[in-house]
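Me: I am in my first year and would like a close look at a single part of a structure, explained slowly and in connected sentences. Here is the one I have in mind.

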Amino acid sequence: MPNRATIISISNQKGGVGKTSTANAFAAGLKRKGYKVLAVDMDPQGNLSSSVDADLSEDALTILEVMKGKAPAADAVQHLSSFDIIPADISLAGYEQELISSTFGRDSRLKESLSKIRDEYDYIVIDTAPSLAMLTINALVAADEVLVPATAEFFATSGLEQLADTVQNVRRYAGNPDLAICGVLFTMHDPRTINGQTIREETEKYARSIGTFVYDTFIRKAVAMGESQTNRMDIYTFNAKSNAAKDYMAFVEEYLSRKESK
Ligand SMILES: Nc1ncnc2c1ncn2[C@@H]1O[C@H](COP(=O)(O)OP(=O)(O)OP(=O)(O)O)[C@@H](O)[C@H]1O
Ligand SMILES: [Mg+2]
């Protein structure tokens, strides 16, 4: 029996909430658990690609060429030690406008592109830009689940409703009725400055109101996170004993056990 990868989009329109860090640690963690994992960088900032030292030289194929139909997805996959990746770079930025003015299939290019390699993986993890525009819509249309990394500030600004509205529109109008918000992952938690229990209760109430929940696992603020990215290593390779590595692996385990118990 071939696999049919679960596709998870890591999304939040707010910048700097830990999307890329989560995409990296989630994908690398799933691979450490023995799964076949592909990461797809859908952010023109290319942070996920550079954080795992993907080849971004001029002749490297990126998700842009794949979505444009110039190369099959399989040809753009780079097999790295952390996980397989289809990278992105700044050239993807201009494609946003091109998609908007396309007459056909502008929201399903990524879904179509990934369909041919989906059977080769157990999980496909998509990192998205801090935006809810066409590139992110493509990720949401391709996905089975949306994982929402969020910080305390994000909850304070009610951004979750806007994201939930977009997910609802993708379900209703973009042919992906089963798209699920698989949960909210609280990132960069600093127990010294935040009253953990209060934040937890508030965020849970808020998440419930849009039909999702907050994972029990919180990711603590940890300097190793930034250091691992500067060193272009996933967090487990960089320092498996760091709090960030422990927290993210605990999250991977929570994600998998919730999936099993469904
Ligand atoms: N647990 C953590 N502890 C400390 N720093 C962290 C943690 N997680 C992420 N960071 C740092 O916070 C910054 C933003 O994280 P990241 O790039 O993952 O966010 P993002 O949501 O992908 O940002 P963008 O919206 O720009 O794509 C980075 O410098 C990253 O190293
Ligand atoms: Mg990012």
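Which residues come nearest to ligand 1, of the 20 residues around it?

Reply: Please keep in mind from the start that this is a predicted model. Of the 20 residues that surround ligand 1, those that come nearest are Gly15, Lys19, Thr20, Ser21 and Pro130. When we ask which elements give two or more residues to this shell, the answer is α1 (residues 19-32), β7 (residues 180-189) and α11 (residues 223-230). Sorted by class, the shell around ligand 1 consists of ten polar, seven nonpolar and three charged residues.

From the shell we can follow β7 into its neighbouring strands. Strand β7 runs parallel to β6, and six bridges join the two; at one place along this pairing, Ile181 in β7 stands opposite Val146. Strand β6 itself covers residues 145-150, and five of its six residues are buried, so that the strand is mostly covered. Strand β6 also pairs with β1 (residues 6-10), again in the parallel sense, this time over three bridges, and here Val146 in β6 stands opposite Ser9. Val146 is therefore a useful residue to find on your screen, since Ser9 stands opposite Val146 and Val146 in turn stands opposite Ile181.

Ser9 also leads us to the nonpolar core, through a residue that touches it. Leaving aside residues up to four places away in sequence, Ile126 touches Ser9, and its other partners include Ile7, Ile8, Ile10, Val40, Met42 and Ala139. Ile126 belongs to the largest nonpolar core, which has 78 residues, and is listed there with Ala39, Ile63, Ile124 and Val125 as those with the most contacts inside it.

Let us finally return to α11, which helps to form the shell, and look at the loop that joins α11 to α12 (residues 235-239), where Arg232 is found. The phi angle of Arg232 is near 55°, which is a positive value in a residue other than glycine. Arg232 counts as partly exposed because 15 other C-beta atoms lie within 10 Å, whereas a residue would need 20 or more to be buried and 12 or fewer to be exposed. Asp53 offers a parallel case in the loop between α2 (residues 47-51) and α3 (residues 63-67): its phi is near 65°, again positive in a residue other than glycine, and Asp53 is partly exposed because it has 15 C-beta neighbours inside 10 Å.

Definitions and conventions
Residues numbered from 1 in each chain as written. Chains lettered and ligands numbered in written order. Predicted model: local features only at pLDDT ≥ 70, side-chain atom pairs only at ≥ 80, totals over all residues. Near = placed C-beta within 6 Å. Helix = DSSP H or I, 4+ residues; strand = E, 2+ residues; numbered from the N terminus. Nonpolar A, V, L, I, M, F, W, Y, C, P; charged D, E, K, R; others polar. Pairing = 2+ DSSP bridges. Core = buried A, V, L, I, M, F, W, Y, C linked by C-beta atoms within 7 Å. Contact = placed C-beta atoms within 7 Å.
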